[in-house]
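Biologist: I should be grateful for a close look at a single part of this model. Please describe its setting and its surroundings, and then indicate how far the prediction may be relied upon.

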Amino acid sequence: MVLAAAASPDIVLLFAAAGLLLYVASRAAVDALTVTADPSPGRMAVAQWMPVAWLALLATGAGHAEVGIGVAMATSVAALALNLGVLVLLAPPENPDPSPAPVSDPDPAPVPAGRAWPFVIPAALLALLAGFSGFLNVLHALMLLVLGGCVLAVWQSGPTDDAAPLPPARRRVRPVQLLLAIALAGVGAWIGFQGILIADSRTRVATAGLIAAAVMSPLLVLPALGAGAVASQNGRTGHVMATLVGITLLNLCLLLPAVVLLGAARQLILAWRGGTRELAELLAAVRPMPFPIGVWRVDTVLLIVLGLLLVPISLGRWSLKKGEGIALALGYVAYLLVSTAIAVRL
């Protein structure tokens, strides 16, 4: 239904152009920060998160905070359900170990940045609890930022296979290429946002937030699927999974509060331009951001469930197989259907 509502040729062209630019920008950013075949999970996550941040912040700055919130949450679900499921299916089969370790050995293999993975649960829980009020305010944003600081400290201090110094190819950064990738991602995000606005104006069926979740979010996480497949084929499936978790944590603990704070700053600027000069009146003009009910009911709950799934994986006690990959991919399809049923304007 959402796709049909945005199926006119000009809108399709806008979304196709946005998807192409975002894909090129994301892959260029990854190549500028790390090596795709043997990536640093943190750098790879930042590179692939950048287009998501562009779109969410552009939409919020233009007065569509519901799009910014929806993009931050929907891309998190897509990363942990769609991307993770497909990458598990694409991962090469594990070679059987002819001489397995003794059963008495309790130590699992280290998972890249594994200690930070369970933080998806408190971040999603904080968003869920905030949503009971129907809004996200500055206090909620500050709490998520504090949690993000904890995540960063744990991510950097946890045991990973990068405990030893990184090889030069993974340490190097190409500043010019990175700047070009950032600029290209900004252009692609702007084109995608224009497509969302045009599709929203031409239909009474789908909201702008729903279009962003159903159409733009898969386009935003598609580059992570391409780069992740390359790393997975080179035996770096754990790094890919850590990258997807990193994107989710960046969304919840940095992008979501940034959307709320940018929305508050926009209201302050509008009040100032409207002639308000008293500090008390300026602060009174700042209203909390409405939390879309579909995002609150579906996305936050699903992120909590997916976060629980990550706990045994992060501890090295469970590895995902083909069956779980299929279930995750089908679960993402079900998520889109449920989100559409809740968000459609009747």
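Modeller: A helix here is a DSSP run of H or I covering at least four residues, and helices are numbered from the N terminus. In this predicted model, the part I have chosen is Ser232, which belongs to helix H9, spanning residues 208-233. Ser232 has a relative accessibility of 2% and therefore counts as buried, the limit for that class being under 20%. Setting aside residues up to four places away in sequence, the contacts of Ser232 are with Leu87, Ala91 and Pro92, together with Thr237 and Val240.

A second helical position may be set beside this one. Ala18 is located in helix H2, residues 9-33, and its relative accessibility of 0% is why Ala18 counts as buried. Beyond its neighbours within four places in sequence, Ala18 touches Gly188, Ile191 and Gly192. The C-alpha atom of Ala18 is 6.5 Å from that of Ala189, although 171 residues separate the two along the chain.

As to confidence, the protein has a mean pLDDT of 84, with 86% of its residues at 70 or more. Helix H5 (residues 120-131) has the highest mean, 94, whereas helix H1 (residues 2-5) has the lowest, 50. Two segments call for caution. Residues 96-107 stay under 50 in pLDDT, and the model gives them 1 contact beyond four places in sequence. Residues 160-165 also stay under 50, with 6 such contacts. Where pLDDT is low, predicted coordinates should not be read in detail.

Conventions: Residues numbered from 1 in each chain as written. Predicted model: local features only at pLDDT ≥ 70, side-chain atom pairs only at ≥ 80, totals over all residues. Heavy atoms only, no water. pLDDT = per-residue confidence, 0-100. Helix = DSSP H or I, 4+ residues; strand = E, 2+ residues; numbered from the N terminus. Contact = heavy atoms within 4.5 Å. Buried < 20%, exposed > 50% of the residue type's maximum accessible area, 1.4 Å probe, protein only.
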